[in-house]
Amino acid sequence: MENKLRLDIVTPHGLVLSEDVDEVAATGTEGEFGVLPGHVPFITTLKVGMIILKKGSKTEYVFVSSGYAEVSPDKVVVLADSAERSEDIDVERAKAAIKRAEERLRQEEKIDFARATAALERATIRIQIAERRVAR
């Protein structure tokens, strides 16, 4: 597997992705990071965001809802609360989630603000990833 990385994305519901890739980029809680084969090992926490994987001239996107990433010279393992490949994202469901979250946020006194904000962020990122899928 010379000059390749094995990327495994796992959720409590099972394996979402297991592929050999050329490059991985993700959003850690300390900022964005990129990984190429031969990278120095590290472990980081992930925040809600996207994982970008490159295979040759092809770029793919995966939504992740927080978790951990373990990087080694030839492998990246992501343990995520949830993850969806761009082609699996239900855009209409994400738009409905945005609408619900915005309505909750307007009810300032009766809501869990952090929960509503997190739902809004997750839905927004899902739509952004789905739009990238279409734009390719």
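This report covers the overall layout, the strand pairings, a few single residues and the largest pocket of one chain.

## Overall layout

The model is predicted. The chain holds two helices and ten strands. Read from the N terminus, the order is β-β-β-β-β-β-β-β-β-β-α-α. The strands thus named come before the helices in that order. Along the principal axes, the C-alpha atoms fill a box of roughly 55 × 30 × 25 Å.

The chain has 136 residues, and 38% of them are buried. The exposed surface is about 8000 Å². Carbon and sulfur atoms supply 49% of that surface. Among contacts with a separation of 6 or more, 53% link residues 24 or more positions apart.

## Strand pairings

Four pairings are listed here, two for S1 and two for S7.

| Pair | Sense | Bridges | Opposed residues |
|---|---|---|---|
| S1 (residues 5–11) and S2 (residues 14–21) | antiparallel | seven bridges | Arginine 6 and aspartate 20 |
| S1 and S9 (residues 75–80) | parallel | five bridges | Aspartate 8 and valine 77 |
| S6 (residues 49–55) and S7 (residues 58–64) | antiparallel | seven bridges | Lysine 55 and lysine 58 |
| S7 and S10 (residues 83–85) | antiparallel | three bridges | Valine 62 and arginine 85 |

## Strand S1 and its partners

Strand S1 is largely enclosed by the rest of the structure, because five of its seven residues are buried. S1 forms a hairpin with S2, with two residues between the strands. The two run antiparallel and share seven bridges. Arginine 6 faces aspartate 20 of S2 in this pairing.

S1 also pairs with S9. Here the strands run parallel, joined by five bridges. Aspartate 8 stands opposite valine 77 of S9.

Valine 16 lies in S2. Is this residue buried or partly exposed? Valine 16 has a relative accessible area of 23%, so it counts as partly exposed; the buried class ends at 20%. Beyond its neighbours within four places in sequence, valine 16 contacts Ile9, Thr11, Ala83 and Arg85. Ile9 and Thr11 fall within the residue range of S1. Ala83 and Arg85 fall within the range of S10. Valine 16 and valine 77 are 61 residues apart along the chain. Their C-alpha atoms are separated by 11 Å.

## Strand S7 and its partners

Strand S7 is mostly covered, with six of its seven residues buried. On one pairing, S7 meets S6 in the antiparallel sense over seven bridges. Lysine 55 stands opposite lysine 58 of S7. The two strands make a hairpin with two residues between them. Glycine 56 sits in that turn and has a positive phi of about 60°.

S7 also pairs with S10, again antiparallel, over three bridges. Valine 62 has arginine 85 as its bridge partner in S10.

Threonine 59 lies in S7. Its relative accessibility is 18%, so threonine 59 counts as buried; the limit is under 20%. Threonine 59 and arginine 85 are 26 residues apart in sequence. From C-alpha to C-alpha, the two are 12 Å apart.

After S7 comes a loop that leads to strand S8 (67–72). Serine 66 is found in this loop. Its phi is near 60°, a positive value in a residue other than glycine.

## The largest pocket

Rolling a probe the size of a water molecule over the atoms shows where empty space is left. The largest pocket has a volume of about 230 Å³.

Which residues line the largest pocket? They are Glu84, Asp90, Arg93, Ala94, Ala97, Arg100, Ala101, Arg104, Ala119, Arg122, Ala123 and Arg126. Helix H1 (91–106) and helix H2 (113–135) each supply at least two residues of this lining. H1 gives the most, with six residues.

How does the lining divide by residue class? Seven of the residues are charged and five are nonpolar, with no polar ones. The charged set includes Glu84, Asp90 and Arg93. Alanines such as Ala94 and Ala119 belong to the nonpolar set. Glu84 lies within the residue range of strand S10, the strand that pairs with S7.

How values were computed
Residues numbered from 1 in each chain as written. Predicted model: local features only at pLDDT ≥ 70, side-chain atom pairs only at ≥ 80, totals over all residues. Heavy atoms only, no water. Buried < 20%, exposed > 50% of the residue type's maximum accessible area, 1.4 Å probe, protein only. Helix = DSSP H or I, 4+ residues; strand = E, 2+ residues; numbered from the N terminus. Pairing = 2+ DSSP bridges. 1 Å grid on protein atoms, 1.4 Å probe; cavity = no way out; pocket = protein on both sides within 12 Å on 5 of 7 lines; lining within 4 Å. Points joined across faces, edges and corners; volume = space filled by probe spheres on them. Contact = heavy atoms within 4.5 Å. Areas by Shrake-Rupley, 256 points an atom, 1.4 Å probe, with all protein chains shown as cover.
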